[in-house]
Amino acid sequence: MLVEENAAKHRYEILVDDALAGFTAYLPRGEALVFTHTEVDPAFQGMGVGSALMRGTLDQVRAQGQRIVPQCPFMAAFIKRHPAYADLVTSLT
């Protein structure tokens, strides 16, 4: 599984065997990315694709020195279950 940013579409995508298996969409707001929606193709559900997408996305956001606003319920729940990512969360001011 490979997670890549598709900046043109404002989203991070996960590829499984070169097929788009899911994505998490964001809106750039200064130094923060507001994540609004996550979707996993039904053919890939139950295979850990959503979790891999979250880990890959959040690791890349951290490496780029950015922060996030997790408006997407899936991402918010993932961060609640994995508090090591809680330091990335900010609020818009």
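## Core and sheet of a predicted model

In this predicted model, the largest nonpolar core holds 22 residues, of which Tyr12, Phe35, Val49, Leu58, Ile68 and Met75 touch the most other members. Five elements, namely strands E2, E3 and E4 together with helices H1 and H2, each supply at least two residues of this core, and the largest share, five residues, comes from H1. The residue ranges of these elements are set out below.

| Element | Residues |
|---|---|
| Strand E2 | 11–16 |
| Strand E3 | 19–29 |
| Strand E4 | 32–40 |
| Helix H1 | 49–63 |
| Helix H2 | 73–81 |

Leucine 58, one of the core residues with the most contacts to other members, is in contact with Ile68, Met75, Phe78, Ile79, Tyr85 and Leu88 when its neighbours within four places in sequence are left aside.

The sheet is open and consists of five strands in the order E1-E2-E3-E4-E5, with mixed pairing. Strand E1 (2–6) and strand E5 (67–70) each have a single partner strand and stand at the edges, so one side of each is left without a neighbour in the sheet. On average, and with direction ignored, neighbouring strands of this sheet are turned by 30° against each other.

Within the sheet, E2 and E3 run antiparallel and are joined by six bridges; isoleucine 14 has glycine 22, in E3, as its bridge partner.

Both helices meet the sheet. H1 lies across E1, E2, E3, E4 and E5 and runs at about 130° to E2, whereas H2 packs on the sheet by touching E3, E4 and E5, its direction making about 115° with that of E5.

Conventions. Residues are numbered from 1 along each chain as its sequence is written. This is a predicted model: local features need pLDDT of at least 70, side-chain atom pairs count only at pLDDT 80 or more; totals for chains, interfaces and linings use all residues. Side-chain values use heavy atoms; hydrogens and water are left out. A nonpolar core is a set of buried Ala, Val, Leu, Ile, Met, Phe, Trp, Tyr and Cys residues joined through side-chain atoms within 4.5 Å. Buried means under 20% relative accessible area, exposed over 50%, partly exposed in between (1.4 Å probe, protein chains only). Helices (H or I, at least four residues) and strands (E, at least two) are DSSP runs, numbered from the N terminus. Contact means heavy atoms within 4.5 Å. Two strands pair if DSSP finds at least two bridges between them. Axes are lines fitted to C-alpha atoms, for helices over the stretch in contact, and angles run from 0 to 180 degrees between N-to-C directions.
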